[in-house]
Amino acid sequence: MSVELRKERPTSVLDKYRGTLDCISPASFWPVDNLVRESAWKEYAPFAYWLAESQEPRTFVELGTHGGFSYFAFCQAIKKLALETKCYAIDTWTGDEHSGLYEDDVFDTVKSYNDEH
Ligand SMILES: C[S@@+](CC[C@H](N)C(=O)[O-])C[C@H]1O[C@@H](n2cnc3c(N)ncnc32)[C@H](O)[C@@H]1O
């Protein structure tokens with residue numbers, strides 16, 4: 001019987017997460033300002049911050065805003081970075097199969113937080 005012994009190359013933590021680390025910057029660690037409680041986007045705020053910082057967009061358009069978690073995460077970064085980005089939140093404001101159907105109070109709450117900040 002022959003056994004092949006292979007020496008594994010040690011993987012550093014940096015090697016292991018190299019692709020992931022390309023999308024992380026100090027902005028990724030900012031706390032979330034907005035108070036939107038329900039959103040499938042909750043864990044992606046660091047990505048929104050990094051994306052705004054790395055792209056410095058002149059215009060930001062979100063298609064599908066619902067309660068505004070992701071929209072306000074981008075807006076927070078844009079404001080904090082003092083970018084002159086124009087931000088637009090587009091939605092039917094009636095919901096769909098993912099969010100469920102909802103009433104006008106969703107738009108009213110998003111509009112009022114947007115106007116306030
Ligand atoms: C999953 S929710 C968006 C989640 C949101 N970005 C967040 O941070 O929580 C999807 C939204 O897309 C909207 N939507 C779906 N189809 C649309 C369309 N054709 N035009 C505009 N908005 C649409 C729905 O009304 C719903 O509010």
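## A tour from the ligand outwards

Start by selecting the ligand: 18 residues surround it, and Ser 39, Gly 64, His 66, Phe 69 and Ser 70 come nearest. A residue is near a molecule if its C-beta atom, placed from the backbone, lies within 6 Å of it. What you have open is a predicted model, where local features need pLDDT of at least 70, side-chain atom pairs count only at pLDDT 80 or more, and totals for chains, interfaces and linings use all residues. Residues are numbered from 1 along each chain as its sequence is written.

Now color that shell by class: five residues are nonpolar, 11 polar and two charged. Here Ala, Val, Leu, Ile, Met, Phe, Trp, Tyr, Cys and Pro count as nonpolar, Asp, Glu, Lys and Arg as charged, and the others, Gly among them, as polar. Helix H4 and strand S3 (95-96) each supply at least two residues of the shell. Helices (H or I, at least four residues) and strands (E, at least two) are DSSP runs, numbered from the N terminus.

Next, select H3 (residues 45-55) with H4 (residues 69-80), which pack at about 45° with their axes 8 Å apart. Axes are lines fitted to C-alpha atoms, for helices over the stretch in contact, and angles run from 0 to 180 degrees between N-to-C directions.

Finally, zoom out to the whole chain, which has five helices and four strands. Along the sequence they follow the pattern α-α-α-β-α-β-β-β-α. To frame the view, picture a box of roughly 75 × 35 × 20 Å, taken along the principal axes, filled by the C-alpha atoms of the chain.
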